[in-house]
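This report covers surface and charge features of one protein chain. The sequence and structure come first, and the text then goes through the features in turn.

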Amino acid sequence: MNILYIIDNRVSESVNTYMEKLNKDRFSSNDNIKVFNLGEMTVNQCVGCFSCWLKTPGECIFKDSMEEVYFEVVKADIMIFVSPVKTGFVSGRIKTLMDRLIPLVLPDFKIINNEFHHKERYGSYPELGMILERTEKTEDTDINIIKKFFERFSLNFHSKPEIFDVLGKGKEELKNVTGNI
């Protein structure tokens, strides 16, 4: 199994400890685990030029760290975003990367649950996970908004939302506010 982590490195060390426990409890020692640390990467913001759909299908105009990310996403069985909660939402780094995944779907639409969604570019997409680290100012309302966003992102990305966990700042134990999906 190919497991892909996309991490905003501004999370505390306790989140890394939690991820190690998750890997041990949920995944096999034979699994291939790849980690992208956004603090060590260059990820430009999407400019909405649609070149990835119209001029160079499946390829973004930016030649940055996303080129390797795209390759890993396509072969992943599960992709897990790890983010601190910043101003009531996922971090800007995580959101920017999520926006930049748009070349992995097609510009054409199909109807899912009476809604328009982009068609798949590939035959399968990884299951998705999100691990959040809340701060003392994070409210349950913030977590519920992020969870709804994550569910919508999963639908648009033709993926199954598999993991949604919330950790308290500086604590190793899981504070599972909303539960796994």
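Phe116 lies in strand S6, which spans residues 115-120. In this predicted model, Phe116 has a relative accessibility of 61% and therefore counts as exposed, because the cut-off for that class is over 50%. Together with Phe109 and Ile111, Phe116 makes a nonpolar surface patch of about 370 Å².

Strand S6 also holds Glu115, whose salt-bridge partner Arg152 sits in helix H5 (residues 140-156). The two side chains meet at 3.0 Å, N to O. The pair links distant parts of the chain, 37 residues apart. Glu115 is partly exposed because its relative accessible area is 26%, and Arg152, at 33%, is also partly exposed.

Side chains of opposite charge can pair when their charged atoms come close. How many salt bridges does a search of the whole structure find? The search gives 13. Three of the pairs are listed below.

| Pair | Distance, N to O |
|---|---|
| Glu68 and Lys34 | 3.1 Å |
| Asp64 and Arg100 | 2.8 Å |
| Glu115 and Arg152 | 3.0 Å |

The salt bridge between Glu68 and Lys34 links distant parts of the chain, with Glu68 in helix H3 (residues 66-75) and Lys34 in strand S2 (residues 32-37). These two residues are 34 residues apart. Glu68 has a relative accessibility of 41% and so counts as partly exposed. Lys34 has a relative accessibility of 26%, so Lys34 counts as partly exposed.

Asp64 and Arg100 form a salt bridge through their side chains. This pair, too, links distant parts of the chain, and its members are 36 residues apart. Asp64 is in the loop between helix H2 (51-54) and H3. Arg100 is in the loop between helix H4 (92-99) and strand S5 (105-112). Are Asp64 and Arg100 buried or exposed? Both are buried, a class that requires under 20% relative accessible area.

Salt bridges also join residues into a network, whose members are Asp8, Arg10 and Arg93.

In summary, Phe116 is an exposed residue of this chain and belongs to the nonpolar patch with Phe109 and Ile111. Among the charged pairs, Asp64 and Arg100 are buried, whereas Glu68 is partly exposed, as is Glu115.

Terms used: Residues numbered from 1 in each chain as written. Predicted model: local features only at pLDDT ≥ 70, side-chain atom pairs only at ≥ 80, totals over all residues. Heavy atoms only, no water. Patch = residues over 30% accessible without salt bridge, like charges linked within 9 Å, V, L, I, M, F, W, Y side chains within 5 Å. Areas by Shrake-Rupley, 256 points an atom, 1.4 Å probe, with all protein chains shown as cover. Salt bridge = Lys/Arg side-chain N within 4 Å of Asp/Glu carboxyl O. Helix = DSSP H or I, 4+ residues; strand = E, 2+ residues; numbered from the N terminus. Buried < 20%, exposed > 50% of the residue type's maximum accessible area, 1.4 Å probe, protein only.
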